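These are my notes from a session with one model, kept in the order in which I looked things up.

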Amino acid sequence: MLDQFHPCIHDFIENIVGVKVDGNCGYNAIVGLLGMGEDSWYLICNNLLKEIAQWTNEYIHLLGGIDRYEELKWSLHIDGLSMVYKFFVMYSWINIL
């Protein structure tokens, strides 16, 4: 895989992680380098959501406005986890009835 990078940076590359191409490649690479399983990519999104929520004003300033901030925030939402949450809420209501 090293041959995919320009020879002048070969000395600076310590580790290469090959990840599956599924639209979450960047997140898969992060969890791979952290030693987590590739299927843990959603944890990175969740941690990023917590980060930007904690530092909202700073990110709005950094990104150049509320619109870009909201775009970033919504890009990190994970539909699968939302569906799991909705399932548990629905399941809880069914058990109450």
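I began with the surface of this predicted model, where the chain exposes about 7700 Å², and I noted that carbon and sulfur atoms supply 61% of that area. I then looked up burial for the chain as a whole and found that 14% of its 97 residues count as buried.

Next I went through the secondary structure, which consists of five helices and zero strands, so that I wrote the order of elements from the N terminus as α-α-α-α-α. For the contacts, I took those between residues at least 6 apart in sequence and found that 19% of them join residues at least 24 apart.

I turned to the interior and asked which residues make up the largest nonpolar core. There are eight in all, namely Trp41, Cys45, Leu49, Ile52, Ile60, Tyr69, Leu76 and Ile78, and helix H2, residues 41–54, contributes the largest share of this core with four residues. I added beside this entry that, in soluble globular proteins, nonpolar side chains tend to be buried together.

Since H2 came up there, I looked at its geometry. The helix has 14 residues and reaches 21 Å from its first C-alpha to its last, which is close to the 20 Å expected at 1.5 Å a residue. Where do the buried residues of H2 lie around its axis? I listed Trp41, Ile44, Cys45, Leu49 and Ile52 as buried in H2, and because they cover an arc of only 140° around the axis, they are on the same side of the helix. On the face of H2 turned away from this buried side I found the exposed residues Lys50, Ala53 and Gln54.

I followed Ile52 further, setting aside its neighbours within four places in sequence, and recorded contacts with Tyr59, Tyr69, Leu72, Lys73 and Leu76. Of these contact partners, I had already met Tyr69 and Leu76 in the list of core residues.

I also checked Asn46, another residue of helix H2. With a relative accessible area of 31%, Asn46 falls between the 20% and 50% cut-offs and therefore counts as partly exposed. Asn46 and His77 are 31 residues apart in sequence, yet their C-alpha atoms are 7.7 Å apart in space.

For the cysteines, I asked how many disulfides the structure holds, and the count is zero. I noted that Cys8 is exposed, with a relative accessible area of 52%, whereas Cys45 is buried, with a relative accessible area of 2%; the latter value is under the 20% cut-off, which is why Cys45 could be entered as a core residue.

My last entry concerns Ile16, which I located in the segment before helix H1 (25–33). Is Ile16 buried, exposed or partly exposed? Its relative accessible area is 31%, so I put it down as partly exposed. Ile16 and Leu33 are 17 residues apart in sequence and, from C-alpha to C-alpha, 8.4 Å apart in space.

Conventions:
Residues numbered from 1 in each chain as written. Predicted model: local features only at pLDDT ≥ 70, side-chain atom pairs only at ≥ 80, totals over all residues. Heavy atoms only, no water. Core = buried A, V, L, I, M, F, W, Y, C linked by side-chain atoms within 4.5 Å. Buried < 20%, exposed > 50% of the residue type's maximum accessible area, 1.4 Å probe, protein only. Helix = DSSP H or I, 4+ residues; strand = E, 2+ residues; numbered from the N terminus. Contact = heavy atoms within 4.5 Å. Disulfide = S-S within 2.5 Å. Expected span 1.5 Å × (residues − 1). Arc of directions from axis to C-beta. Areas by Shrake-Rupley, 256 points an atom, 1.4 Å probe, with all protein chains shown as cover.
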